[in-house]
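Let's take a relaxed walk through this protein, one piece at a time. Keep the picture open as you read, and look up each spot as we get to it.

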Amino acid sequence: MSISMQIPENGRDIKEIFEEMDSFKENDFKWKKGKVFCLTYPLDENHHEFLKDAYGKYISENFLNPMAFKSLKKMEREVVRMSCSLMNGDDNSVGTMTSGGTESILMAVKAARDLAKKTKPWILKPELVAPESAHVAFEKACKYFGLKYIPVKLDEDYRANIKAMKKAVGVNTVLMMGSAPQYPQGVIDPIEELAAFAKKKKIPFHVDACVGGFMLPWLEKAGEKIPLWDFRVDGVTSISADLHKYGFAAKGASVVLYKSMKYMKHQFFITTEWSGGIYASPNLPGTRPGGAIAAAWGTLNKVGQDGYIEQAKKTIGVAKEFRKRINEIPELEVLGDPPATLLAFKSTDKNLSILAIADQMIEKGWWFDRQQTPASIHMTVMPNHSETLEEFISELKEVIEHVKAHPELAKTGDAAMYGMMAKIPARGLVKKSVEKVMESMWGPTGELPDFEKGIGSDEGAPVWMKLADKYGPQAMDALEKVDNVKDKIKKEVKKLNPF
Ligand SMILES: Cc1ncc(COP(=O)(O)O)c(C=O)c1O
């Protein structure tokens, strides 16, 4: 693909621009066709057109100043109130819209840190205790806002280990959290037990319902057995929930909700000293795009409770069918007991690489996240996957046979790369390689990485990559042995200290 380095000297024809944009999409994954299991949350073509129109109505309005755009204030207010009521907040519950899950989480962490600054001034090194499966945005928030991130080992079923979480809480803990559900395996953490403990310790408790917030309530209303996770749980003080996921809104819309203003007020930023005047903002951005707010408000009104319940019923039906059909394949196993619409599966056969299966499926036009610990394939199920389920299962079975017949596939291509990345014992080396990828992706040439050639394949190639290039599969075998030894050590350590 050729890259334009200059703004064109003369403005170009609109038709030509749109044709070019469409052509850029040729190599993208076909998310509208039910072949993508992450990143996108499509409903249907009619809704897609609706989102464009709703967003378009407010494309230039800026919610930086609510006094100037009272319409956006009204819409944000209604979105927040509707979300509070869906998640069973009482009349004191409050919240703001944000640009997405990550911003909602950043804000909840900042608010908890600043609340502690006020109420527990002796805490100099604030800490956040989270199950290992928590979304990376929590670690990011800690890095940005100067907290110590304490990830805690999970139970065998991938849910937060209650005892280990309690043990990790100390005098410096300013926030505990759990997910409903977490992303990697789609299971729901034991929110009631964790929040009760947080309350006893007078620590705020955040529920990350970014992916579940606009799905779990509808599943519950549709009669599914969903454990309690929202403001009905005593001790839950804040919730993040994304409208741009199962809320079917346009990208750039989430809510962060609080039990009361006592917690939320620490999210705000106010300065009185700027030469531009007094400046106050409720969350991270300055300029806030009106389109994202309008499209979210429009979507809640267009889909309505009946529409959400209908979509939830359809999606859980498809998710259950995926789960059953994948578990029927002897070489595969769904991880844990995911009660909602996300799941992940691994290979049960040591000689069958799930990463090689992922490579082959992606080659056939499917797209999903490849996960580590354990190596697995993630699936966020959408209503339109009902149309592709049979094709998926049949191609999955074909791919399994192919990978069995070609075990060398585990040691080539992306499978080798992801496999090795997960197994390198010195994580610093992996981090360095990823840094190189980022420097190249966002450097002056903006190149995407070519895993075939190896990450950072210039003279700065990482040592482990050079070893892999030189010794190929033997390097993988050696790492696998290191991995086995690591597992044995871990088991022995666990016997001595179960938490
Ligand atoms: C559980 C969970 N939390 C947070 C996020 C982050 O959301 P975003 O990508 O909108 O920042 C995600 C994204 O998938 C998620 O699944």
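## Two helices at a slant

Start with α2 and α10, which are oblique to each other, going by the angle between them. Angles from 65 to 115 degrees would count as roughly perpendicular and those over 145 as roughly antiparallel. Here the packing angle is about 135°, and the two axes lie 7 Å apart. To find the pair, look for residues 45–57, which make up α2, and residues 290–327, which make up α10. Keep in mind that you're looking at a predicted model.

Which way does this pair cross? The crossing of α2 and α10 is right-handed. On the α2 side, the residues in the contact are F50, L51, A54, Y55 and K57, and they meet G291, A294, A295, G298, T299 and K302 of α10. Sort the residues of this contact by class and you get six nonpolar, three polar and two charged.

## A second pair: α4 and α5

Next up are helix α4, residues 101–119, and helix α5, residues 137–145. Their axes come within 9 Å and cross at roughly 50°. That angle makes α4 oblique to α5. The crossing is right-handed here.

Who touches whom? From α4 come G101, T102, I105, L106, V109, K110 and R113, while α5 brings A137, F138, K140, A141, C142, Y144 and F145. By class, this contact splits into nine nonpolar, two polar and three charged residues.

## A third pair: α11 and α12

Now move along the chain to α11 (residues 354–363) and α12 (residues 389–405). These helices pack at about 125°, and their axes are 9 Å apart. So α11 is oblique to α12. Their crossing is right-handed.

In this contact, A356, I357, Q360 and M361 belong to α11, and they meet E395, L396, V399, I400, H402 and V403 in α12. Seven of the contact's residues are nonpolar, two are polar and one is charged.

## Around the ligand

Which residues surround the ligand? The shell is made of G100, G101, T102, H135, A137, S179, Q182, Y183, D208, C210, V211 and D242. Split by class, that's four nonpolar, six polar and two charged residues.

Some of these names may ring a bell. G101 and T102 in the shell are also on the α4 side of its contact with α5. A137, another shell residue, sits on the α5 side of that contact.

## Odd spots in the backbone

Now for some backbone details. Going from A180 to P181, the peptide bond is cis, with omega near -15°. You'll find P181 in the loop between β4 (173–179) and α7 (191–200). Another cis peptide bond runs from T373 to P374, where omega is near -5°. P374 is in the loop that links β12 (370–371) and β13 (376–380).

L39 is worth a look too. Its phi is positive, at about 70°, even though L39 isn't a glycine. This residue is in the loop between α1 (14–24) and α2.

## Stepping back

How is the whole protein divided? Domain 1 covers 56–300, and domain 2 covers 414–496. The C-alpha centres of domain 1 and domain 2 are 34 Å apart.

Definitions and conventions: Residues are numbered from 1 along each chain as its sequence is written. This is a predicted model: local features need pLDDT of at least 70, side-chain atom pairs count only at pLDDT 80 or more; totals for chains, interfaces and linings use all residues. Axes are lines fitted to C-alpha atoms, for helices over the stretch in contact, and angles run from 0 to 180 degrees between N-to-C directions. Helices (H or I, at least four residues) and strands (E, at least two) are DSSP runs, numbered from the N terminus. Angles under 35 degrees count as roughly parallel, over 145 as roughly antiparallel, 65 to 115 as roughly perpendicular and the rest as oblique. A crossing is left-handed if the near helix is turned anticlockwise from the far one by less than a right angle, and right-handed if clockwise. Two residues are in contact if their C-beta atoms, placed from the backbone, lie within 7 Å. Ala, Val, Leu, Ile, Met, Phe, Trp, Tyr, Cys and Pro count as nonpolar, Asp, Glu, Lys and Arg as charged, and the others, Gly among them, as polar. A residue is near a molecule or strand if its C-beta atom, placed from the backbone, lies within 6 Å of it. Domain bounds come from an automatic or database domain assignment.
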